[in-house]
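Trainee: Please take one part of this model and look at it closely with me. I want the strand pairing, then whatever sits against it.

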Amino acid sequence: MLYTLLCYNKEDVVWSWTKEEDDAVMGRLSVVHEKLVKDGKLGPSLRLLPTTAATTLRGGDLVIDGPFAETKEQLLGFYVIDVENLEAALDVARELSAANPTSVYEIRPIALYVPETRPNAPKEMVKVY
């Protein structure tokens with residue numbers, strides 16, 4: 001079954017990390033990523049730019065700079081994983097949480113998954129920050 005793991009954190013903290021701090025967290029996460037790839041369980045995953053780069057469309061025609069939600073933690077990224085059941089998804093979330101203990105992971109089953117079909121879609125990791 002496909003699940004998405006939504007990663008929440010305090011973006012002001014995450015985006016204030018030094019390059020060394022960020023590299024350390026990403027290095028720990030890479031260990032989990034590589035295991036999931038080896039096991040054939042990791043689908044697309046991404047890290048979002050800060051909410052200051054967001055735009056919200058509300059009601060079909062109202063465009064607002066930034067996110068609309070007033071929350072203490074922001075959605076910073078997500079993973080799509082293919083595992084047997086919720087317990088297996090929780091196990092993956094626990095591994096990610098151990099690698100990045102300041103983040104919160106919300107686990108949701110996926111109702112519809114449309115795979116990447118663009119001919120020019122990236123085949124390797126793209127880092128823009």
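**The sheet and its contacts**

Mentor: Start with one pair: Tyr-3 stands opposite Ile-81 in E5. Bear in mind that this is a predicted model. A second pair can be picked out on the same strand, E5: the bridge partner of Leu-5 there is Tyr-79. Now step back to the strands. E1 covers residues 2-9 and E5 covers residues 74-82; the two pair in the antiparallel sense over eight bridges. In general, strands of a sheet pair through backbone hydrogen bonds, either parallel or antiparallel.

E5 also pairs with E2. That pairing is antiparallel too, and it runs over four bridges. Look for Leu-46 here: it stands opposite Phe-78 in E5.

Put the strands together. The sheet is open and has four strands, in the order E2-E5-E1-E6, with antiparallel pairing. Its edges are E2 and E6, the latter spanning residues 104-109; each of these two pairs on one side only. On average, neighbouring strands of this sheet are turned by 20° against each other, with direction ignored.

Next, the helices. H2, residues 19-38, packs on the sheet and touches E2, E5 and E6. Its direction makes about 165° with that of E2. H3, residues 86-99, packs on the sheet as well, touching E1, E5 and E6. Here the reference strand is E6, and the angle between the two directions is about 160°.

Go back to the edge strand E2, residues 42-47, where Leu-46 lies. Leu-46 has 37% relative accessibility, so it counts as partly exposed. It also belongs to a nonpolar surface patch of about 200 Å², made with Leu-48 and Leu-75.

Now the charges. The count of salt bridges comes to seven. One of them joins the side chains of Asp-22 and Arg-47, at 2.7 Å from N to O. Asp-22 lies in helix H2 and Arg-47 in strand E2, so this pair ties together parts that are 25 residues apart in sequence. The two ends differ in cover. Asp-22 is at 8% relative accessibility and therefore counts as buried. Arg-47, with a relative accessible area of 27%, is partly exposed.

Helix H3 has a salt bridge of its own. Asp-91 forms it with Arg-94, the closest N and O atoms being 2.9 Å apart. These residues are three apart in H3, so about one helical turn separates them. Asp-91 has 38% relative accessibility and counts as partly exposed. Arg-94 falls in that class too, at 46%.

Finish with Arg-108 and Glu-106. Their side chains meet in a salt bridge of 2.5 Å, N to O. Arg-108 is partly exposed, with a relative accessible area of 43%. Glu-106 also counts as partly exposed, at 26% relative accessibility. One network remains to trace: salt bridges with shared partners join Glu-87, Asp-91 and Arg-94.

To recap, follow E5 through the sheet. In the strand order, E5 stands between E2 and E1. Toward E1 the pairing has eight bridges; toward E2 it has four bridges. Both H2 and H3 touch E5.

Key
Residues are numbered from 1 along each chain as its sequence is written. This is a predicted model: local features need pLDDT of at least 70, side-chain atom pairs count only at pLDDT 80 or more; totals for chains, interfaces and linings use all residues. Side-chain values use heavy atoms; hydrogens and water are left out. Patches are made of residues with over 30% relative accessible area and no salt bridge: like charges are joined within 9 Å, nonpolar side chains (Val, Leu, Ile, Met, Phe, Trp, Tyr) within 5 Å. Accessible areas come from the Shrake-Rupley method with a 1.4 Å probe; for residues, only the protein chains shown count as cover. A salt bridge is a side-chain nitrogen of Lys or Arg within 4 Å of a carboxyl oxygen of Asp or Glu. Buried means under 20% relative accessible area, exposed over 50%, partly exposed in between (1.4 Å probe, protein chains only). Two strands pair if DSSP finds at least two bridges between them. Axes are lines fitted to C-alpha atoms, for helices over the stretch in contact, and angles run from 0 to 180 degrees between N-to-C directions. Contact means heavy atoms within 4.5 Å.
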